[in-house]
Amino acid sequence: MFHGLWQAFLVGGLICTIAQLVMELTPFQITPAHVLVSYVVSGAILSAVGLYQPLVDFAGAGATVPLSGFGHLLAQGALEKVAENGLIGAFTGGLSSASLGITVALVLGFTTAILFNPRG
């Protein structure tokens, strides 16, 4: 049991460490938004060429929880729907595979905004 936890912790930590190092050590301004987009895109690309799934198999949540895991989820959903429905699946598959997570994030964000008085 603890073997899988350590793998998830190390891989997830490494993914986050790489993002922080890129933001701190590059000579030009890299914002968290740049990291967000690059991680989602890189997760989708690595998934499409078959390199991200072995990382998911090795690290579990350490690879699926970071933003690159979201890109992997989008790519896998699109690939599955393309196999079922043809080209239209490339447009519908990613969002249908991630719809539960997106819905939960929207509902909880809205509920938090209603319950608490944001100051800004």
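**Helix packing and the nonpolar core**

Helices α3 and α5 are oblique to each other, a term for angles that are not under 35 degrees (roughly parallel), over 145 (roughly antiparallel) or 65 to 115 (roughly perpendicular). The model is predicted, so that local features need pLDDT of at least 70 and side-chain atom pairs count only at pLDDT 80 or more, while totals for chains, interfaces and linings use all residues. Residues are numbered from 1 along each chain as its sequence is written, and side-chain values use heavy atoms, with hydrogens and water left out.

The angle between α3 and α5 is about 120°, and their axes lie 11 Å apart. Axes are lines fitted to C-alpha atoms, for helices over the stretch in contact, and angles between N-to-C directions run from 0 to 180 degrees. The two helices cross in a left-handed sense (the near helix is turned anticlockwise from the far one by less than a right angle; right-handed if clockwise). On the α3 side, Tyr-52, Gln-53 and Val-56 take part, and they meet Ser-68, Gly-69, His-72 and Gln-76 of α5; contact means heavy atoms within 4.5 Å. The residues of this contact comprise two nonpolar, five polar and no charged ones. In this classification, Ala, Val, Leu, Ile, Met, Phe, Trp, Tyr, Cys and Pro are nonpolar, Asp, Glu, Lys and Arg are charged, and the others, including Gly, are polar.

Six helices and zero strands form the secondary structure of the protein, and the order from the N terminus is α-α-α-α-α-α. These elements are DSSP runs numbered from the N terminus, with helices (H or I) of at least four residues and strands (E) of at least two. The C-alpha trace spans about 45 × 40 × 35 Å along its principal axes. Of the 120 residues, 24% are buried (under 20% relative accessible area; exposed is over 50% and partly exposed in between, with a 1.4 Å probe and protein chains only). Among contacts with a separation of 6 or more, 49% join residues 24 or more positions apart.

Helix α5 (residues 67–85) also packs against helix α2 (residues 32–48), where the axes come within 7 Å and cross at roughly 45°. This angle makes α2 oblique to α5, and the crossing is right-handed. From α2 the contact draws on Leu-36, Tyr-39, Val-40, Gly-43, Ala-44, Ser-47 and Ala-48, and from α5 on residues including Leu-67, Phe-70, His-72, Leu-74 and Leu-79. The α2–α5 contact contains 10 nonpolar, six polar and no charged residues.

A further partner of α5 is helix α6 (residues 89–115), packed at about 130° with the axes 6 Å apart. The pair α5 and α6 is therefore oblique, and the crossing is right-handed. Among the α5 residues involved are Phe-70, Leu-73, Leu-74, Lys-81 and Asn-85, and among those of α6 are Gly-89, Ala-90, Leu-95, Ser-97 and Ile-102. Nine nonpolar, eight polar and one charged residues make up this contact.

The largest nonpolar core consists of 10 residues: Val-11, Ile-15, Ala-19, Ile-30, Val-35, Tyr-39, Tyr-52, Val-56, Ala-59 and Ala-63. Such a core is a set of buried Ala, Val, Leu, Ile, Met, Phe, Trp, Tyr and Cys residues joined through side-chain atoms within 4.5 Å. Helices α1 (2–25), α2 and α3 each give two or more residues to this core. In soluble globular proteins, nonpolar side chains tend to be buried together.

Core residue Val-56 lies in helix α3 (residues 52–59) and is buried, with a relative accessible area of 14%. Leaving aside residues up to four places away in sequence, Val-56 touches Ala-63, Thr-64 and His-72. The C-alpha atoms of Val-56 and His-72 are 9.4 Å apart, at a sequence separation of 16 residues. Core residue Ala-59, with the same exclusion, touches Gln-7, Ala-8 and Val-11.

Two other residues illustrate greater accessibility than the buried limit. Pro-32, in helix α2, counts as exposed because its relative accessibility is 60%. Its C-alpha atom is 22 Å from that of Pro-118, and 86 residues separate the two along the chain. Thr-112, in helix α6, is partly exposed at 42% relative accessibility. Between Thr-112 and Ala-90, 22 residues apart in sequence, the C-alpha distance is 33 Å.
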